[in-house]
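Biologist: Before we discuss any terms, please show me the model. I should like to ask how each description is justified.

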Amino acid sequence: MTSGAFVRQESRFRGFPDGPPEQHHLYIALACPWSQRTAIVRTVLGLDDRLGVSYADPYRDERGWAFSGGRFTDDVNGFAFLSEAYDRTDPGYDGRVSVPVLWDKERGEIVSNESADIVRILDAWAGGDLYPPELREEIDELNGWVYAELQNGVYRAGFARSQEAYDEAYRGVFAALPRLDDLLAGRRYLTGDAITEADWRLLPTLLRFDAVYHTHFRCNGARMIEYPHLLRYTKDLFEQPGVAATFALDEIKRHYYTTHDELNPKRIIPQGPIDLGFTSA
Ligand SMILES: N[C@@H](CCC(=O)N[C@@H](CS)C(=O)NCC(=O)O)C(=O)O
């Protein structure tokens with residue numbers, strides 16, 4: 001591995017639920033792309049009334065994700081910090097306290113803190129068709145390189161501690177974007193005419209690209225809106241019912257620009273971009 005490379009921690013809780021959605025609760029931060037995946041899938045699969053959700057405050061200090069009050073309140077357990085959910089599940093837990101978290105209200109413990117698994121759990125609960133058997137191989141392959149090169153790639157560029165590590169991550173990001181654009185020149189969604197989990201997994205990264213990754217993570221080779229097919233695709237997904245309500249631009253900008261002091265010590269939040277290309281406002 002290149003020296004100075006950012007390495008994301010493996011998710012520690014990878015369980016599957018043994019009850020219905022009503023027995024569970026979702027802890028997420030809309031600022032976080034991995035959380036937004038689960039928020040989108042919850043909504044588009046019609047689970048809003050069956051699976052409760054609590055939102056963490058976009059600002060995160062050394063105590064981790066917090067429920068600071070108001071819109072950011074945990075009505076289920078009254079946690080002030082998400083770390084309490086981890087401590088209750090495993091008192092010796094010494095890993096990172098990440099969102100999203102799927103919580104079992106009856107057992108009083110975390111089922112999963114891995115968004116990819118939570119998406120599949122929600123799909124199974126709703127009897128959805130986001131991971132159809134005949135497309136699994138193709139979806140797995142897409143998920144693999146899209147995550148490695150683009151979705152985690154922007155983080156590897158942003159948190160690189162050496163020029164080499166940044167350069168390598170940057171190259172991956174700007175190989176993946178044109179590759180996706182080419183793919184989408186010939187099809188409406190990543191695997192064809194129907195939306196699959198591969199699309200919902202990718203979307204949060206595209207929605208953040210110009211507002212955050214381009215500037216804050218130095219992924220400034222191009223803006224997302226410069227790729228015509230990718231922009232058309234992003235707009236299409238963004239306009240699906242319920243999706244726009246999961247996109248909290250203000251929270252996203254506040255989170256990234258005020259939480260990572262090593263990247264933005266003065267915590268000044270950029271005004272732009274003026275035109276995101278996919279919102280009508
Ligand atoms: N593999 C996890 C990654 C989740 C993740 O990294 N979440 C970030 C927010 S975007 C987090 O909570 N980080 C807290 C920390 O690292 O301290 C998933 O996809 O669910």
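Modeller: The following exchange sets computed values against the criteria behind the terms; the model is predicted.

Biologist: What makes the pairing of Arg8 with the ligand a polar contact?

Modeller: The criterion is a pair of N or O atoms within 3.5 Å. A polar side-chain atom of Arg8 lies 2.7 Å from an oxygen atom of the ligand, so the pair qualifies under that cut-off. For Trp65, a polar side-chain atom is 2.8 Å from a ligand oxygen atom, and this pair therefore qualifies as well.

Biologist: Why is the pair formed by Asn113 and the ligand also called a polar contact?

Modeller: Here a backbone N or O atom of Asn113 lies 3.4 Å from an oxygen atom of the ligand. That value is within 3.5 Å, so the term applies. The protein covers 88% of the 510 Å² of accessible area that the ligand has on its own.

Biologist: What is the class make-up of the shell around the ligand?

Modeller: The shell has 8 nonpolar, 4 polar and 4 charged residues. Of the 16 residues around the ligand, those that come nearest are Arg8, Trp65, Arg96, Glu114 and Ser115. The ligand takes up the space of the largest pocket.

Biologist: How do you know that the protein chain is as compact as a globular protein of its length?

Modeller: The chain comprises 9 helices and 4 strands. Its radius of gyration is 18 Å, and the globule rule gives 19 Å for 281 residues; the two values are close, so the chain is as compact as a globular protein of that length.

Key: Residues are numbered from 1 along each chain as its sequence is written. This is a predicted model: local features need pLDDT of at least 70, side-chain atom pairs count only at pLDDT 80 or more; totals for chains, interfaces and linings use all residues. Side-chain values use heavy atoms; hydrogens and water are left out. A residue is near a molecule or strand if one of its heavy atoms lies within 4 Å of it. A polar contact is a pair of N or O atoms within 3.5 Å; within protein, one must be able to donate a hydrogen and the other to accept it, and residues adjacent in sequence count only if both atoms are side-chain atoms. Accessible areas come from the Shrake-Rupley method with a 1.4 Å probe; for residues, only the protein chains shown count as cover. On a 1 Å grid over the protein atoms alone, a cavity is a set of points where a 1.4 Å probe fits but cannot get out, and a pocket is an open set with protein on both sides within 12 Å along at least five of seven lines; lining residues have an atom within 4 Å of a point. A molecule sits in a cavity or pocket if more than half of its atoms lie within 2 Å of its grid points. Ala, Val, Leu, Ile, Met, Phe, Trp, Tyr, Cys and Pro count as nonpolar, Asp, Glu, Lys and Arg as charged, and the others, Gly among them, as polar. Helices (H or I, at least four residues) and strands (E, at least two) are DSSP runs, numbered from the N terminus. The radius of gyration is taken over C-alpha atoms; the globule rule is 2.2 Å times the number of residues to the power 0.38.
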